[in-house]
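Open the model in your viewer and keep the selection panel handy. We will go from stop to stop, with something to select at each one.

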Amino acid sequence: TWHLKKIPQIVSERTFSLDSPKFEAKTKLELNSVCGIECQRKLPVPRLSDLKDLLSYETIFENGTRTLTEVNVLGLVLDPAGNTTTRRSLRKKRQIYGTDSRFSIYDKRFMTNFPFNTAVKISTGCSGILISPKHVLTAAHCLHSGKDYVKGSKRLRVGLLKTKSRGDGRKRKGTRRSRREGSSDGMPSFQWTRVKSTHIPKGWFKGVSGDIALDYDYAVLELKRPHKRKYMELGISPTIKMMPGSMIHFSGFDNDRSGQLVYRFCSISDESNDLFYQYCDAEPGSTGSGVYLRLKEPNKKKWKRKIIAVYSGHQWVDVNGEQQDYNVAVRITPLKYAQICFWIHGNDENCTRG
């Protein structure tokens with residue numbers, strides 16, 4: 001267990017209509033010149049007025065219309081320590097670190113059951129995770145470049161892993177196919193659902209340091225139709241020291257393993273107030289996956305899982321004036337928890353406990 005701070009409240013103040021976007025940006029799965037570990041240490045502690053601005057959000061609807069909602073933040077205790085990061089040795093490795101430790105999930109019984117069934121595919125080429133019967137959490141840069149919405153986000157769709165494929169009713173006893181429990185080629189198939197609306201925090205468009213700020217690289221999609229699957233609950237991210245089991249886990253659809261659901265787990269090597277820097281093996285396509293913890297509930301045999309970050313992908317950051325590459329995840333802080341919870345429920349009544 002770890003001590004949870006009191007959850008602040010996010011309430012909407014005003015909503016304005018904006019012009020429809022052009023939808024002309026290219027999807028970039030790797031970002032350059034983002035504020036890295038050294039840069040994070042130099043950032044000033046955000047004031048309440050800054051946070052209200054950064055947590056205000058754009059909503060884009062299926063028909064292309066767009067609004068901006070200004071918010072107020074209540075009950076927030078600002079941390080005077082600022083953007084502290086734990087100093088550890090720098091690394092200069094790449095996306096796959098030594099032996100590739102990813103697991104491809106082939107068996108449909110695993111794929112379509114919790115927790116793997118919570119992983120979804122985003123039509124722009126990313127992954128995401130189910131966080132309610134109607135909502136998906138993913139990375140903002142899968143939908144928006146920081147300047148404009150990406151081309152594929154105009155008719156955005158979410159792919160949920162199908163539980164049945166044609167021919168599932170056939171007898172398979174003793175055949176080779178029975179071991180794969182999938183379609184004839186062992187690939188998972190998807191049920192695609194249209195997205196009704198998308199919320200992206202204004203901090204993603206502004207960037208805390210003038211550049212793109214990974215701190216706000218998250219977005220929530222509302223599906224047009226609810227699903228009936230088990231989804232994963234949000235939690236507030238602990239520090240590395242308080243990490244239960246000291247491991248993070250996530251599943252996504254890595255591009256180099258086409259059509260496969262890929263699972264991995266690893267420890268975290270560095271952190272700032274808003275980001276985790278880690279060694280998890282991953283390739284483009286898994287960006288936007290929900291990073292979760294496994295918790296053992298007292299007196300219960302089952303594991304509980306909580307999403308505590310969004311995988312932002314393999315990014316290049318400035319460290320000591322040099323470009324270094326990291327696999328980065330955006331932490332769910334008390335403020336982000338309050339905001340995402342507000343997007344799901346439309347009020348803050350259900351969001352007081354993290």
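**The largest cavity**

Begin by selecting Pro115, Phe116, Thr118, Ala119, Gly128, Ile129, Met232, Ser251, Gly290 and Tyr292, which line the largest cavity. Keep in mind that this is a predicted model. The volume of the largest cavity is about 50 Å³, and the structure holds three cavities of 30 Å³ or more. Colour the lining by class and you will find six nonpolar residues, four polar ones and no charged ones. Now show the strands as cartoons: E6 (127-130) and E16 (290-296) each supply at least two residues of this lining.

**Zoom out to the whole chain**

Reset the view and colour by secondary structure. The chain has five helices and 18 strands. Switch to colouring by burial: of the 354 residues, 55% count as buried. A contact map is worth drawing here too, since the viewer can show both ends of each pair. Among contacts between residues at least 6 apart in sequence, 75% join residues at least 24 apart.

**Helix H5**

Next, select residues 334-345, which form helix H5. Its twelve residues reach 16 Å from the first C-alpha to the last, close to the 16 Å expected at 1.5 Å a residue. How many of the twelve residues of H5 are buried? Eleven are, and H5 is mostly covered. The buried residues are Pro334, Leu335, Lys336, Tyr337, Ala338, Gln339, Ile340, Cys341, Phe342, Trp343 and Ile344.

His345 also lies in H5. Is His345 buried or partly exposed? His345 is partly exposed, because its relative accessible area of 39% falls between the 20% and 50% cut-offs. Draw a distance from its C-alpha to that of Ser132: the two residues are 213 apart in sequence and 9.5 Å apart in space. One step past the helix, select Gly346, which follows H5 and has a positive phi, near 80°.

**The nonpolar cores**

Show side chains for Leu55, Ile122, Ile131, Leu137, Val158, Leu234 and Ile340. Of the 66 residues in the largest nonpolar core, these touch the most other members. Which helix gives the most to this core? H5 does, with eight residues. In soluble globular proteins, nonpolar side chains tend to be buried together.

Centre on Leu137 and display its contacts. Leaving aside neighbours within four places in sequence, Leu137 is in contact with Gly128, Ile129, Ile131, Ala219, Val220, Leu234, Gly288, Ile307, Val310, Ile332 and Ile340. Then pick out Phe276, Leu293, Ile308 and Ala309, which are among the members of a second, separate core of 15 residues.

**Two single residues to finish**

Select Glu271, which sits in strand E14 (residues 268-271). Glu271 counts as buried because its relative accessible area is 8%, under the 20% cut-off. Add a distance to Ala329: the two C-alpha atoms are separated by 9.4 Å, with their positions 58 residues apart along the chain.

Last, go to Phe23, in the loop between strand E1 (9-18) and helix H1 (37-42). Its phi is positive, about 55°, although Phe23 is not a glycine. Phe23 counts as buried too, at 9% relative accessibility.

Definitions and conventions: Residues numbered from 1 in each chain as written. Predicted model: local features only at pLDDT ≥ 70, side-chain atom pairs only at ≥ 80, totals over all residues. Heavy atoms only, no water. Helix = DSSP H or I, 4+ residues; strand = E, 2+ residues; numbered from the N terminus. Expected span 1.5 Å × (residues − 1). Buried < 20%, exposed > 50% of the residue type's maximum accessible area, 1.4 Å probe, protein only. Core = buried A, V, L, I, M, F, W, Y, C linked by side-chain atoms within 4.5 Å. Contact = heavy atoms within 4.5 Å. 1 Å grid on protein atoms, 1.4 Å probe; cavity = no way out; pocket = protein on both sides within 12 Å on 5 of 7 lines; lining within 4 Å. Points joined across faces, edges and corners; volume = space filled by probe spheres on them. Nonpolar A, V, L, I, M, F, W, Y, C, P; charged D, E, K, R; others polar.
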